[in-house]
Amino acid sequence: SECLVGSEMCIRDRYLRSCRAVAYRFRSYGRTIGRRFGNDYKGSRRNIHQLGDQQLTRGSYDLLRRIYDKIMKKFEFFLWNYMAADKYYASAECLADEWLELGITLGFSPYFEEGHDISRNFLSELIAACEKRGIDLIIFDKRVFWLNYLAVGAEAYVAAVRAALKDFGGSRAVRGFYIGDEPEKDQFAPMGEALKIYKGLTDKVGFVNFSRNDALDRAFGIPRAYAAELKAFAGYGLDYMANDRYSQLHAKDYVTGFAESGIDKYFRDLNFFRNVAAECALPYIVSLSCVGHWMYRTPSEDDIRWQLNTAIAHGADGIQWFFIHQHRFADDYYSYPVDIYGNRSAVFGYIARQTRLTKDTILRELEGCTFSRVWHIGKNYGDTPLLGKNDAAYFVRADHGMNGIFSEFSGKNGKKYLVINGDQKYPELFWIQGNDREKYHVWLPPGGAHIVRD
């Protein structure tokens with residue numbers, strides 16, 4: 001990641017040097033990599049053995065970038081986007097620069113509708129701008145969206161997807177296309193059929209987001225039934241398990257216990273979707289709120305930190321911000337990181353600052369590690385187990401009785417442990433005691449994170 005700073009040529013030169021080092025490091029794993037990543041990586045063992053002694057070709061560079069990203073499990077910073085591609089207030093370069101400033105690694109394009117030449121040109125410029133900045137992109141093309149499959153039928157949908165892939169799918173910056181969002185019970189089958197058709201035409205990502213709400217719980221009856229539906233849907237060719245949840249930012253107790261119940265549902269969803277993702281061997285992305293709307297408050301910087309760190313502590317592989325850019329006037333939406341006139345709110349700065357801090361501290365410490373287990377401290381939410389004195393290598397206690405999170409991650413050099421202040425409003429002091437290790441303490445801000453010292 002340190003290579004991705006500077007001009008395009010400098011980035012590429014540094015990345016090529018890093019790839020050569022990676023090639024040597026993984027020489028002995030060539031066969032495993034080729035077997036693990038299938039047809040996309042045919043010849044990968046041969047390429048890796050050769051790369052150390054010859055100049056990297058562009059194809060080899062792309063190959064190693066994909067292998068490296070998969071092995072290192074890069075944490076994704078993603079976003080939602082509901083703008084029309086011909087309605088953005090500035091240039092495509094400006095949009096890509098905003099994403100870069102926010103620390104976005106996976107962008108989401110404004111939507112494209114066929115017949116809009118301005119939209120087509122804007123998306124082409126945005127793809128080029130993202131490629132230059134090292135940002136990948138999910139394309140929102142209404143020809144590929146699942147509702148088009150319902151409208152035109154399978155044969156015409158195939159032609160529409162092929163046209164979209166021809167228009168926008170050629171760049172290495174385009175990771176995939178947006179297929180659908182929040183299917184109701186009777187929408188799983190047609191949305192899945194659209195995804196299956198799409199994946200039959202390309203190996204690029206087909207992005208689908210899910211939600212768990214009271215209506216779906218009633219429709220499916222028990223959580224196991226909904227989990228089974230998600231696992232069956234994954235068989236259509238799903239690339240990520242993704243969900244949205246914003247109740248963690250309930251503005252107040254509109255009825256008794258409303259705010260606490262929202263936090264409980266947030267952690268319930270983190271545990272539920274992470275477990276389903278693990279069973280499907282898929283990365284897990286959770287959508288978090290950065291927009292004041294409905295009964296959800298405009299987030300403070302503490303709220304942004306809290307959401308990021310609690311998601312990481314519960315095993316998310318990425319987050320998706322809902323959403324950055326205002327795209328219409330709506331009485332029940334109160335604030336945006338960037339409004340319809342291009343003005344930035346304080347939330348834009350909160351996201352930029354906390355994302356950079358998270359990347360430079362917690363995520364750097366956890367690089368190459370995978371999530372193992374999580375416990376809560378003080379009060380447990382979402383059926384997360386409480387940390388007991390003999391549950392892990394360390395026991396953690398909140399000095400003033402506030403809530404916390406303790407997570408275990410596994411890597412090639414052993415285990416790492418993460419402590420989170422689970423309180424949304426106040427700092428807390430945490431005492432950390434390990435087996436045969438001296439007890440020490442650390443103050444953490446609301447949502448603050450600490451990697452346990454050995």
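Which residues does Val374 touch, not counting residues up to four places away in sequence? In this predicted model, the contacts of Val374 are with Asn271, Arg274, Ala313, His314, Thr384, Pro385, Ile405, Phe406 and Ser407, once residues up to four places away in sequence are left out.

## Strand S11: Val374 and Phe371

Val374 lies in strand S11, which covers residues 370-377, and because its relative accessible area of 8% is under 20%, Val374 counts as buried. One of its contacts, His314, stands 60 residues away along the chain, yet the C-alpha atoms of Val374 and His314 are separated by 6.3 Å.

Phe371 is also placed in strand S11, but its relative accessibility of 23% makes it partly exposed. Leaving out residues up to four places away in sequence, Phe371 touches Arg274, Ala313, His314, Gly315, Glu408 and Phe409; Arg274, Ala313 and His314 are likewise among the residues that Val374 touches. Phe371 and Lys415 are 44 residues apart in sequence, and their C-alpha atoms are 9.8 Å apart in space.

## The chain as a whole

The protein chain has 454 residues, of which 53% count as buried, and its secondary structure comes to 15 helices and 17 strands. Its accessible surface comes to about 20,400 Å², and carbon and sulfur atoms account for 50% of that area. When contacts between residues at least 6 apart in sequence are considered, 71% of them join residues at least 24 apart.

## Nonpolar cores

In soluble globular proteins, nonpolar side chains tend to be buried together. Here the largest nonpolar core holds 112 residues, and within it Phe207, Phe210 and Trp321 touch the most other members. Helix H12 gives the most to this core, with eight residues. A second, separate core of 16 residues has Leu387, Ala392, Phe430 and Tyr440 among its members.

The surroundings of Phe207 can be listed in detail. With residues up to four places away in sequence not counted, Phe207 touches Phe78, Trp80, Phe108, Ile138, Phe177, Tyr178, Ile179, Gly180, Tyr240, Ala242 and Gln320.

## The second largest pocket

The second largest pocket has a volume of about 670 Å³. Its lining is made up of 28 residues, and those closest to the centre of the pocket are Glu182, Asp244, Tyr246, Trp294 and Tyr296. Strand S4 (174-181), strand S5 (205-211) and helix H12 (258-279) each supply at least two residues of this lining, which divides by class into 13 nonpolar, seven polar and eight charged residues.

Most residues other than glycine have a negative phi, and most peptide bonds are trans. Against that background, two of the residues closest to the centre of the pocket deserve a separate description. Glu182 has a phi near 45 degrees, a positive value in a residue other than glycine, and is placed in the loop between S4 and helix H9 (188-201); its relative accessible area is 35%, so Glu182 is partly exposed. Trp294 has a phi near 50 degrees, again a positive value in a residue other than glycine, and its place is in the loop between strand S8 (292-293) and helix H13 (301-313). At 47% relative accessibility, Trp294 also counts as partly exposed, because that value does not pass the 50% limit over which a residue is called exposed.

## His293 and the second largest cavity

His293 is found in strand S8 and, with a relative accessible area of 1%, is buried. His293 and Tyr246 are 47 residues apart in sequence and 9.9 Å apart in space when taken from C-alpha to C-alpha, and Tyr246 is one of the residues that His293 touches. Beyond residues up to four places away in sequence, the contacts of His293 also include Phe322, Asp332, Tyr333 and Tyr334.

Rolling a probe the size of a water molecule over the atoms shows where empty space is left. The count of cavities of 30 Å³ or more comes to two, and the second largest of them has a volume of about 30 Å³. Phe323, His327, Arg328, Ala330, Tyr333 and Tyr336 line this second largest cavity, a lining of four nonpolar, one polar and one charged residues. Tyr333 therefore appears both in the lining of the cavity and among the residues that His293, itself buried at 1% relative accessible area, touches.

Methods. Residues numbered from 1 in each chain as written. Predicted model: local features only at pLDDT ≥ 70, side-chain atom pairs only at ≥ 80, totals over all residues. Heavy atoms only, no water. 1 Å grid on protein atoms, 1.4 Å probe; cavity = no way out; pocket = protein on both sides within 12 Å on 5 of 7 lines; lining within 4 Å. Points joined across faces, edges and corners; volume = space filled by probe spheres on them. Nonpolar A, V, L, I, M, F, W, Y, C, P; charged D, E, K, R; others polar. Helix = DSSP H or I, 4+ residues; strand = E, 2+ residues; numbered from the N terminus. Core = buried A, V, L, I, M, F, W, Y, C linked by side-chain atoms within 4.5 Å. Buried < 20%, exposed > 50% of the residue type's maximum accessible area, 1.4 Å probe, protein only. Contact = heavy atoms within 4.5 Å. Areas by Shrake-Rupley, 256 points an atom, 1.4 Å probe, with all protein chains shown as cover.
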